[in-house]
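This report describes the empty spaces in one protein model, the ligand it holds and two details of its backbone. The sequence and structure come next.

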Amino acid sequence: MYDVIVVGTRVAGSPLAMLLARQGHRVLAVDRASFPSDTPSTHYIHQAGLGFLKSWGLLDAVAAGCPPIRHLNFTYTDIAIPGMADPSADGIDAVYCPRRTVLDKILVDAAGESGAEVIEGFTVTGLLRDGDSVAGIRGRVGDGPEQEFRAKLVVGADGSNSIVAKEVGAATYEGSPAACFIYYSYYEGVDWGMHHRTGFGEQQFASWPTNDDLALVAVMRKRDRFRDFRTDPDAGVQEIVDQIDPEIGARLRETGKRVEPFRPMLYPDNYRRQSFGPGWALVGDAGYHKDPFTGWGITDAFKYSQLLADLVHESLSGARPFAETMPEYQRERDAQSASTYELTQSISELTLTPYYDSVFRAASMSEHYSKKFFGLIAGLYPPDKFFGEAELTALYEEVNFPVADRHVVNTGVSA
Ligand SMILES: Cc1cc2nc3c(=O)[nH]c(=O)nc-3n(C[C@H](O)[C@H](O)[C@H](O)COP(=O)(O)OP(=O)(O)OC[C@H]3O[C@@H](n4cnc5c(N)ncnc54)[C@H](O)[C@@H]3O)c2cc1C
């Protein structure tokens, strides 16, 4: 009998298994994948996410072989905000975008080294129950015999198509359709640093350096243009980059060489699912997902696996019952992620509402507010302060923003 079984051992599951094992709990973590292995992701990690890796003693391993990024180029149509957040309180002054083949392997190894039992290549096919409560998992390695394992708590860290969520019937209580598709791949000869550039026809290109001297180049458009794009994705990538930044477009044409296949994907929808119940919980994309546009999936997976681990530890050690800690987990996750979730849903539409247009435009006109903007993006500057009415009013005054265009309250209304 395990204390906790974790289904899925990537950026949500492995940290949870690692943290609980480090607290002395008996943990089993399973994944149908083997590691190292890739998964769809552009793997940008914000400073806040890197802070978790540092506190777990894993940042040096992740940063080795992955170039630090200390300058970000963010544009939305004609609004340009170049810069970087100040170093975090724990001294993180760079962003890293490690390949998932590297990152996930480090995490799953850390879970094992911390004392969790890890079974790779194990597919969960169903849950065991004691009355109304989930009591374990059943599944198999490859075509092997079915096996059953029992635990006090089963956590689904098994992504957006979570079998745990399906089996327990976890209801979605907030959601909106995803706006975009993505095509991305890896390139040689791309040396223009980090760009997150949106506009000129509801499209985006993003680019950042990663392991093995390669750069990731990604493009996004609205989903209704997916079919057309598929006929010639290389030409489509070039067209989007040319339209957003002709100079970078010329450099891509002259020196860029794609060295891996494209990864095309229609994004899963934005949602929050009921994330706890008798004998079960959900973490990472299994419980809460938002458009990858803002690159917050990994950072949030770290953040809320730490939160869940702390609360599960309280219950397993007898301090407070699961009936108290699990509702707190979901409440805290939703409260702490509310602003990122709303911002992501809005700006991933590839057009800005009048509110975000005026806030970003004004921020781009103030050096110190641009710093705060990058602090917000990095997860270091509190959203309620950044978007506070008094702060925005002061910003508009400082940059002498046209009075008619000043928006201090987010009504969520589109242009
Ligand atoms: C195209 C794209 C780009 C993205 N870019 C970024 C980015 O730049 N930055 C960022 O922070 N986030 C990004 N994200 C989001 C980020 O990748 C996810 O939020 C993150 O991977 C979620 O982690 P997870 O551990 O919850 O789930 P996953 O990474 O989905 O892992 C789930 C694991 O569960 C396992 N599993 C599933 N079902 C079973 C089963 N039945 N039995 C056993 N194992 C099972 C799977 O094999 C898998 O290993 C992106 C996402 C996409 C799709």
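## The second largest cavity

In this predicted model, the second largest cavity is lined by Tyr-44, His-46, Gln-47, Leu-72, Ala-85, Val-95, Phe-374, Ile-377 and Ala-378. The space inside the second largest cavity amounts to about 30 Å³. Helix H12, which covers residues 367–378, contributes the most to this lining, with three residues.

Sorted by class, the lining of the second largest cavity holds seven nonpolar and two polar residues. No charged residue takes part in the lining of the second largest cavity.

## The largest cavity

The count of cavities of 30 Å³ or more comes to two. The largest cavity encloses about 60 Å³ of space. Its lining consists of Val-283, Gly-284, Asp-285, Tyr-288, Lys-290, Gly-297, Asp-300, Ala-301, Tyr-304, Tyr-329 and Arg-333. Two elements, H9 and helix H10 (322–347), give two or more residues each to the lining of the largest cavity. The largest share of that lining, four residues, belongs to H9.

By class, the lining of the largest cavity has five nonpolar, two polar and four charged residues. In the second largest cavity, by contrast, the lining has no charged residues.

## The largest pocket

The volume of the largest pocket is about 1,200 Å³. Its lining is made up of 47 residues. Among these, Thr-39, Pro-40, Gly-159, Ser-160 and Asp-285 lie nearest the centre of the pocket. Asp-285 is also one of the residues that line the largest cavity.

Several elements each supply at least two residues of the lining of the largest pocket: strand E2 (27–31), E6, strand E10 (180–188), strand E16 (270–273) and H9. In terms of class, the residues of this lining divide into 23 nonpolar, 16 polar and eight charged.

## The ligand and its shell

Where is the ligand found? The space that the ligand takes is the largest pocket. Strand E6 (122–130) and helix H9 (297–316) are the elements that give two or more residues to the shell around the ligand. E6 provides the largest share of this shell, three residues.

There are 30 residues around the ligand, and those that come nearest are Arg-10, Asp-31, Thr-42, Asp-285 and Ile-298. The shell is composed of 15 nonpolar, nine polar and six charged residues.

## Contacts with the ligand

Polar atoms of the protein approach the ligand from both side chains and backbone. On Arg-100, a polar side-chain atom lies 3.0 Å from an oxygen atom of the ligand. At Val-124, a polar backbone atom is 2.9 Å from a nitrogen atom of the ligand. Ile-298, listed above with the residues that come nearest to the ligand, has a polar backbone atom 2.7 Å from an oxygen atom of the ligand.

How much of the ligand does the protein bury? Taken alone, the ligand exposes 1,000 Å², and the protein buries 93% of that.

## Two backbone details

Which peptide bond is cis? The bond from Phe-35 to Pro-36 is cis, and its omega is near 5 degrees. Pro-36 belongs to the loop between E2 and helix H2 (47–55).

Thr-77 is not a glycine, yet it has a positive phi of about 50 degrees. The position of Thr-77 is in the loop between strand E3 (72–76) and strand E4 (79–83).

Definitions and conventions. Residues are numbered from 1 along each chain as its sequence is written. This is a predicted model: local features need pLDDT of at least 70, side-chain atom pairs count only at pLDDT 80 or more; totals for chains, interfaces and linings use all residues. Side-chain values use heavy atoms; hydrogens and water are left out. A residue is near a molecule or strand if one of its heavy atoms lies within 4 Å of it. A polar contact is a pair of N or O atoms within 3.5 Å; within protein, one must be able to donate a hydrogen and the other to accept it, and residues adjacent in sequence count only if both atoms are side-chain atoms. Accessible areas come from the Shrake-Rupley method with a 1.4 Å probe; for residues, only the protein chains shown count as cover. On a 1 Å grid over the protein atoms alone, a cavity is a set of points where a 1.4 Å probe fits but cannot get out, and a pocket is an open set with protein on both sides within 12 Å along at least five of seven lines; lining residues have an atom within 4 Å of a point. A molecule sits in a cavity or pocket if more than half of its atoms lie within 2 Å of its grid points. Ala, Val, Leu, Ile, Met, Phe, Trp, Tyr, Cys and Pro count as nonpolar, Asp, Glu, Lys and Arg as charged, and the others, Gly among them, as polar. Grid points are joined across faces, edges and corners, and a volume is the space filled by probe spheres set on the points.
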